[in-house]
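I open this notebook page to keep a record of what I looked up, one entry at a time. The structure comes first, and my notes follow it.

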Amino acid sequence: MTLYKSMSSRSCILTYNVDANIHAFSTLRNGLGVSSGNFGKMNISTYSGDNISDVKKNLRILSEVLEIPKEFIILPKQTHGINCKIITQDLFDLSLSLRE
């Protein structure tokens with residue numbers, strides 16, 4: 001496995017090409033987002049306390065930058081532990097409200 005990083009030309013994400021079928025990214029605090037204050041510009045966390053309207057706008061922007069539907073962007077809730085979840089197509093068959 002080769003991991004390399006590249007900066008998006010839109011300057012709001014770092015992409016990590018892990019494998020032919022696995023693409024990961026990190027959002028950056030600068031760039032195209034609309035969040036303000038401690039949340040920087042490109043906050044996409046729905047559980048951080050940011051204005052939910054701003055988060056939704058940021059997700060729309062990220063979806064456009066990644067060129068994928070926002071429903072396919074998986075936002076894990078980071079915790080410090082050893083639990084791991086495997087994501088399969090079954091997740092995308094669920095309604096958005098049932099995915100958590």
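**Entry 1, one acidic residue.** I began with Asp50 in this predicted model and asked whether Asp50 counts as buried or exposed. Its relative accessibility is 12%, and because buried means under 20%, Asp50 counts as buried. I then looked up its place along the chain, and found Asp50 in the loop between strand E3 (22–27) and H1.

**Entry 2, what surrounds it.** I next asked which residues Asp50 touches, leaving out those up to four places away in sequence. With that limit, I noted Ser35, Phe39, Asn43 and Val55 as the residues touched by Asp50. One of these, Ser35, is also joined to Asp50 by a polar contact of 2.5 Å between the two side chains.

**Entry 3, the nonpolar core.** Val55, which I had just written down as a neighbour of Asp50, turned up again when I looked at the largest nonpolar core. This core has nine residues in all, and I list them here as Ile13, Met42, Ile44, Val55, Leu59, Ile61, Leu62, Val65 and Ile73. Helix H1 (residues 52–66) gives the most to this core, with five residues. I picked out Leu62 from the core and checked its contacts, again not counting residues up to four places away in sequence; Leu62 touches Ile13, Phe25, Thr27, Met42, Ile44 and Ile73.

**Entry 4, the chain as a whole.** I stepped back to ask how many helices and strands the protein chain has. There are two helices and three strands, and when I read along the sequence they follow the pattern β-β-β-α-α. Of the 100 residues in the protein chain, 25% are buried. I also noted that the chain exposes about 7,600 Å², with carbon and sulfur atoms supplying 54% of that area. Among the contacts in the chain with a separation of 6 or more, 19% are between residues 24 or more positions apart.

**Entry 5, the largest pocket.** Last, I looked for empty space, keeping in mind that rolling a probe the size of a water molecule over the atoms shows where such space is left. The largest pocket has a volume of about 1,800 Å³. Strand E2 (13–19), E3, H1 and helix H2 (89–93) are the elements that give two or more residues to its lining. The largest share, five residues, comes from H1. The lining is made up of 41 residues, and those nearest the centre of the pocket are Ile73, Ile74, Leu75, Pro76 and Lys77. I closed the page by marking Ile73, listed here near the centre of the pocket and also a member of the largest nonpolar core.

Key. Residues are numbered from 1 along each chain as its sequence is written. This is a predicted model: local features need pLDDT of at least 70, side-chain atom pairs count only at pLDDT 80 or more; totals for chains, interfaces and linings use all residues. Side-chain values use heavy atoms; hydrogens and water are left out. A nonpolar core is a set of buried Ala, Val, Leu, Ile, Met, Phe, Trp, Tyr and Cys residues joined through side-chain atoms within 4.5 Å. Buried means under 20% relative accessible area, exposed over 50%, partly exposed in between (1.4 Å probe, protein chains only). Helices (H or I, at least four residues) and strands (E, at least two) are DSSP runs, numbered from the N terminus. Contact means heavy atoms within 4.5 Å. Accessible areas come from the Shrake-Rupley method with a 1.4 Å probe; for residues, only the protein chains shown count as cover. A polar contact is a pair of N or O atoms within 3.5 Å; within protein, one must be able to donate a hydrogen and the other to accept it, and residues adjacent in sequence count only if both atoms are side-chain atoms. On a 1 Å grid over the protein atoms alone, a cavity is a set of points where a 1.4 Å probe fits but cannot get out, and a pocket is an open set with protein on both sides within 12 Å along at least five of seven lines; lining residues have an atom within 4 Å of a point. Grid points are joined across faces, edges and corners, and a volume is the space filled by probe spheres set on the points.
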